[in-house]
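Hi,

Here's the structure I promised to pass along. Have a look first, and my notes on what turned up are just below.

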Amino acid sequence: MEYKQFAKYYDKFYQNKNYAKETDFLMNFLNPNDNIIDVGCGTGIHAFLLQQKGFKVDGLDLNKEMLDIAQTRISSKLYLQDILNLNINQKYNVIISMFAVLNHLKNIQELEKALQNFKNILTDDGKIIIDLHNPQNSGSKIDTYDNMTRTMKWNYDKKSKIEDSQIIFEIDNKKYVDSHTFRIFTINEIKQCCTNVGLVVKAIYENYDINKPGISVSKNLQFLISKI
Ligand SMILES: C[S@@+](CC[C@H](N)C(=O)[O-])C[C@H]1O[C@@H](n2cnc3c(N)ncnc32)[C@H](O)[C@@H]1O
């Protein structure tokens, strides 16, 4: 997504995303005094919902335009940084990274670097929760909400593990066209990168459901990761 251009529309585009359910899922792993950072926080909705539940959550994102919106919601620290080049002098006991942030990375080397960087800012008993997109096929879909039609077309090349998507949002008779390229990481790739940097996958879930184990054909996957 061209976040610079679309930041101001982002919340409209994703008005039907179930952030409350995702936040309730995250709550399963949190303790009241946790020091949390939301990496790739975007407009800060998970951080805001967690803040409303009494947690202190810092945010980090590559795009200033997204952070400018997050700043209107959350009162804690916001870092304008790239996950591939973190410069944070603080440790967190929970790192969350929600809604395909790591799918923006180009390859395994970048994934490993990001996980290494996460580990560097994680306390020894800390937890990482990453949420990844996991398409199975190419396809297309049209959703209609109150004032919005979303037409999605995606092409998933299993060999290269690259998904190219085009999404057309039509809101109040205005059309916005977004395209993005995601690297889709397999469960084994995530596990291997974790092992390489001294992390371990403790559990995998599907669809933000603590009772649903994530498997290779799940549409989205949430990984619970800790230090070895
Ligand atoms: C699909 S949005 C998800 C935003 C938010 N987590 C949510 O659930 O709404 C992906 C976010 O990841 C951020 N992002 C992508 N690559 C990044 C990187 N290398 N470092 C930091 N943030 C990145 C984007 O700027 C964007 O805000």
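Quick bit of vocabulary before the helices: a crossing is called right-handed if the near helix is turned clockwise from the far one by less than a right angle, and left-handed if anticlockwise. Also keep in mind that this is a predicted model.

With that in hand, helix 5 (residues 108-120) and helix 6 (residues 187-197) make a right-handed crossing. Their axes come within 9 Å and cross at roughly 50°, so the two helices count as oblique to each other. On the helix 5 side, the contact uses Ile-108, Leu-111, Glu-112, Leu-115, Gln-116 and Lys-119. Helix 6 brings Glu-189, Cys-193, Cys-194, Asn-196 and Val-197. By type, the residues of this contact split into 6 nonpolar, 2 polar and 3 charged.

Now the overall layout. The chain divides into domain 1 (3-134 + 185-227) and domain 2 (139-181). Measuring over C-alpha atoms, the domain centres are 23 Å apart. Where the domains touch, domain 1 supplies 6 residues and domain 2 supplies 5. The domain 1 side of that contact has 3 nonpolar residues, 2 polar and 1 charged.

One residue to click on: Gln-222, which sits in strand 12 (residues 220-227). Is Gln-222 buried or exposed? Buried, because 25 C-beta neighbours lie inside 10 Å and the cut-off is 20 or more. Apart from neighbours within four places in sequence, Gln-222 contacts Ile-129, Asp-131, Tyr-205, Tyr-208 and Gly-214. Leu-26 is 196 residues away from Gln-222 along the chain, yet their C-alpha atoms are separated by 9.9 Å.

Cheers

Conventions
Residues are numbered from 1 along each chain as its sequence is written. This is a predicted model: local features need pLDDT of at least 70, side-chain atom pairs count only at pLDDT 80 or more; totals for chains, interfaces and linings use all residues. Domain bounds come from an automatic or database domain assignment. Two residues are in contact if their C-beta atoms, placed from the backbone, lie within 7 Å. Ala, Val, Leu, Ile, Met, Phe, Trp, Tyr, Cys and Pro count as nonpolar, Asp, Glu, Lys and Arg as charged, and the others, Gly among them, as polar. Axes are lines fitted to C-alpha atoms, for helices over the stretch in contact, and angles run from 0 to 180 degrees between N-to-C directions. Helices (H or I, at least four residues) and strands (E, at least two) are DSSP runs, numbered from the N terminus. Angles under 35 degrees count as roughly parallel, over 145 as roughly antiparallel, 65 to 115 as roughly perpendicular and the rest as oblique. A residue is buried if 20 or more other C-beta atoms lie within 10 Å of its own, exposed if 12 or fewer, and partly exposed in between; C-beta atoms are placed from the backbone.
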